[in-house]
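Biologist: I am new to this structure and would like to learn how to read its features one at a time. Could you take me through them slowly?

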Amino acid sequence: MVWQGRSRRKYTGKLLRDARKKRKYEMGRPQVETLIGERKTKVQRCRGGNVKVKLVMDRYANVYVPSENKVIRVEVTNVVENRAHVHYARKNVITKGAIIQTSAGKARVTNRPSQEGVINAVLIE
């Protein structure tokens, strides 16, 4: 289980005696790695009954073209560079800040697709 609460130990290694148990609202979830392929999403219930749409796979991205001042829907071919992890470019994992190769040219991802359910990017070439 992924847990985002405070540790029961101090930085020295001493056990905190007044530490309480884990709470459900401190619970984390495993990361979803967005890949290139046929569109596939995962709907997750969040705190307060809200819904988060996680993008597992997608072939298309919304790319903003600064010169034309408009957004176009283009096909993603592969991931050129991803600074989030060394092997993400090789595995074609799309995260925020990744540079993707599209049919319109290279673009930088400006959102978090694994938490928003869509890929948004800005054309850099």
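Modeller: We will go through the sheet, then a surface patch, then the salt bridges, keeping in mind that this is a predicted model.

Biologist: How should I read a sheet, and in what order do the three strands lie here?

Modeller: Strands of a sheet pair through backbone hydrogen bonds, either parallel or antiparallel. In this structure three strands form an open sheet with mixed pairing, and their order is S1-S3-S2. Strand S1, residues 35-36, and strand S2, residues 40-45, are the edge strands, each of them pairing on one side only.

Biologist: Which way do S1 and S3 run with respect to each other, parallel or antiparallel?

Modeller: S1 and strand S3, which covers residues 51-58, run parallel and are joined by two bridges. To find the place in the model, look for Ile36, which stands opposite Asp58 in S3.

Biologist: Which residues make the nonpolar surface patch?

Modeller: The patch is made by Val43, Val51 and Val53, and its area is about 250 Å². Of these, Val51 lies in strand S3, and because its relative accessibility of 54% is over the 50% cut-off, Val51 counts as exposed.

Biologist: Now for the charged side chains: how many salt bridges does a search of the whole structure find?

Modeller: To read one, look for a side-chain nitrogen of Lys or Arg within 4 Å of a carboxyl oxygen of Asp or Glu. The search of the whole structure finds seven of them. One is the pair Glu26 and Arg20, whose side chains meet at 2.6 Å, N to O.

Biologist: Are Glu26 and Arg20 buried or exposed?

Modeller: Glu26 counts as buried, because its relative accessibility of 11% is under the 20% cut-off, whereas Arg20, at 44% relative accessibility, counts as partly exposed.

Biologist: Which residue forms a salt bridge with Glu68, and which one with Glu81?

Modeller: Glu68 forms its salt bridge with Lys70, the closest N and O atoms being 3.6 Å apart, and Lys70 counts as partly exposed at 42% relative accessibility. Glu81 forms a salt bridge with Arg83, where the closest N and O atoms are 3.4 Å apart. In that pair Glu81 is partly exposed, with a relative accessible area of 34%, while Arg83 is exposed, with a relative accessible area of 76%.

Biologist: Which residues are joined into one network by salt bridges that share partners?

Modeller: The residues joined in this way are Glu38, Arg59 and Glu75.

Conventions:
Residues are numbered from 1 along each chain as its sequence is written. This is a predicted model: local features need pLDDT of at least 70, side-chain atom pairs count only at pLDDT 80 or more; totals for chains, interfaces and linings use all residues. Side-chain values use heavy atoms; hydrogens and water are left out. Two strands pair if DSSP finds at least two bridges between them. Helices (H or I, at least four residues) and strands (E, at least two) are DSSP runs, numbered from the N terminus. Patches are made of residues with over 30% relative accessible area and no salt bridge: like charges are joined within 9 Å, nonpolar side chains (Val, Leu, Ile, Met, Phe, Trp, Tyr) within 5 Å. Accessible areas come from the Shrake-Rupley method with a 1.4 Å probe; for residues, only the protein chains shown count as cover. Buried means under 20% relative accessible area, exposed over 50%, partly exposed in between (1.4 Å probe, protein chains only).
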